[in-house]
Amino acid sequence: MNGLSALVLSLPTRNSTVRMRVWRALKESGCGVLRDGVYVLPAGSGNGVLAEIESEIRSAGGFAMTLEMKPRTPEQFAEVRKLFERSADYGALMQKIDAAAGALLRLGSRKAQTQLRRLRGAFDKISNIDFFPGQAKLQAAEAIAALELGFQEAYADGEPRSSKRRLKALDPARYQKRLWATREDLWVDRLASAWLIKRFIDRNARFVWIARPSERPRNAIGFDYNGAQFTHARNRVTFEVLRGSFGLDRDPALMAIGAAVHFLDVGGIPAPDAKGLETLLKGIKEKARGDDELLAEAMRVLDFFYSAYSGKASSGGAGRLPVSQTGASRPSSALAPASTPGKERA
């Protein structure tokens, strides 16, 4: 510890609103109480919160002064460090995490997700004022991570688990006029993957939506489910696996779309247009009468995103839809009925 920032204060006795506001600010900033009327933070932490509190107290007619302090001996340092001990806070949080873990399946997906977000928020709140993190924080972090994993396993709804296999370069010529299968009730990764297949890999692709992997037709190429030929691998979602497998990683527009799809599917680094894409797809999903119509409209949206990104990337046409495919597969007519009504679509 290099030193301390200290706030010495005396609050106006008749202004209960200011007293409550100051007390909350001191607590939320993680201040240690050195003695009555003297609050401290490690130097450099708090983002100037003590100066802000000082200004508010002075404006309300009270007394406040910020000072710099420094422990002179190891014993003084040890005493000051005790003021910032968070083990009890983490312990109370651990009890809530344990209780949530036991009730995870009973709560149902929506309530469990709400509970999980609250617990993650509580952990982050403690962590932000834990100026001397130790084993207690590690234990709580492991517990919240285990709870999040338990939620994913309980309510993943068939979302594929990531494999560790490496990508192999594939020849698109071997994947023409094929039937492609993925899970029904399409969402971001499956929608974007089907668009990528139709626009860049197999212009005559036909699709079949399945409820479970065992329903995949024997001649169909599976994508975005456990055991599929194309699914999550290492840190890539299915869209990124398909893009890399067929040598499309040099297209900046596809890279930009992939960043948004990755963020919306599994989280990670936020992508600039991810929320916009998500909002559009949610609107389409609300109005679409089934997965065929959903994909047809989603393809139109992704075409627009691709054109916009291509325009940013190059004025010379790099990254545009291949000439052999533009106009050959309009989104609204790409899914004409095939041999199995209600299941297989071209």
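## Helices, strands and salt bridges in a predicted model

User: This model is predicted. Where is the kink in helix 4 centred?
Analyst: Helix 4 bends by about 40°. The helix runs over residues 87-107. The kink is centred on Ala 101.

User: How far does helix 4 reach from its first C-alpha to its last?
Analyst: Helix 4 has 21 residues. At 1.5 Å a residue, 30 Å is expected. The reach is close to that, at 28 Å.

User: Which helices are included in what covers the buried residues of helix 4?
Analyst: The buried residues of helix 4 are Tyr 90, Leu 93, Ile 97, Ala 100, Ala 103 and Leu 104. Their cover includes two helices, at 109-128 and 135-155. These are helix 5 and helix 6.

User: Which residue just after helix 4 takes a positive phi?
Analyst: Helix 4 ends at residue 107. Just after the helix, phi turns up positive, at about 90°. The residue is Gly 108.

User: What span should helix 1 have, at 1.5 Å a residue?
Analyst: Helix 1 covers residues 16-28, which makes 13 residues. Its end C-alpha atoms are 18 Å apart, in agreement with the expected span. That expected span is 18 Å.

User: Why do the buried residues of helix 1 lie on the same side, and what arc do they cover?
Analyst: The buried residues are Val 18, Val 22 and Leu 26. An α-helix has 3.6 residues a turn, so residues three or four places apart point the same way. The buried set lies on the same side of helix 1 because its arc around the axis is only 65°.

User: Which residues are exposed on the other side of helix 1?
Analyst: The buried residues of helix 1 pack against strand 1, strand 3 and helix 2. The other side of the helix has exposed residues. They are Ser 16, Lys 27 and Glu 28.

User: How many bridges join strand 1 to strand 3?
Analyst: Strand 1 covers residues 4-10 and strand 3 covers 38-42. The two run antiparallel. Leu 7 stands opposite Tyr 39 in strand 3. The bridges number five.

User: What is the bridge partner of Val 8 in strand 4?
Analyst: Strand 4 spans residues 63-69. It pairs with strand 1 in the antiparallel sense, over seven bridges. The partner of Val 8 is Met 65.

User: How many residues of strand 1 are buried?
Analyst: Strand 1 has seven residues. The strand is mostly covered. The buried residues number five.

User: How far apart are the closest N and O atoms of Lys 82 and Glu 79?
Analyst: Both residues lie in helix 3, three residues apart, about one turn of the helix. Lys 82 is exposed at 56% relative accessible area, and Glu 79 is partly exposed at 47%. The salt bridge between them has its closest N and O atoms at 3.4 Å.

User: Is Asp 224 buried or exposed?
Analyst: Asp 224 forms a salt bridge with Arg 183, the closest N and O atoms being 2.8 Å apart. The pair links distant parts of the chain: Asp 224 sits in the loop between strand 7 and helix 8, Arg 183 in strand 5, 41 residues apart. Arg 183 is buried at 8% relative accessibility. Buried means under 20%, so at 0% Asp 224 counts as buried.

User: Why does the pair of Asp 249 and Arg 236 tie together separate parts, and how many residues apart are they in sequence?
Analyst: The two side chains meet in a salt bridge at 2.9 Å, N to O. Asp 249 is in the loop between helix 8 and helix 9, and Arg 236 is in the loop between strand 7 and helix 8, so the parts tied together are 13 residues apart.

User: Which residues are linked with Arg 120 in a network of salt bridges?
Analyst: The structure holds 16 salt bridges. One network links Arg 120 with Asp 124 and Glu 148.

User: Which residues does Glu 278 touch, not counting residues up to four places away in sequence?
Analyst: Glu 278 lies in helix 10. Its relative accessibility is 15%, which counts as buried. Leaving out residues up to four places away in sequence, it touches Trp 187 and Leu 264.

How values were computed:
Residues numbered from 1 in each chain as written. Predicted model: local features only at pLDDT ≥ 70, side-chain atom pairs only at ≥ 80, totals over all residues. Heavy atoms only, no water. Helix = DSSP H or I, 4+ residues; strand = E, 2+ residues; numbered from the N terminus. Expected span 1.5 Å × (residues − 1). Bend = angle between axes of the 7 residues up to and from the residue. Buried < 20%, exposed > 50% of the residue type's maximum accessible area, 1.4 Å probe, protein only. Contact = heavy atoms within 4.5 Å. Arc of directions from axis to C-beta. Salt bridge = Lys/Arg side-chain N within 4 Å of Asp/Glu carboxyl O. Pairing = 2+ DSSP bridges.
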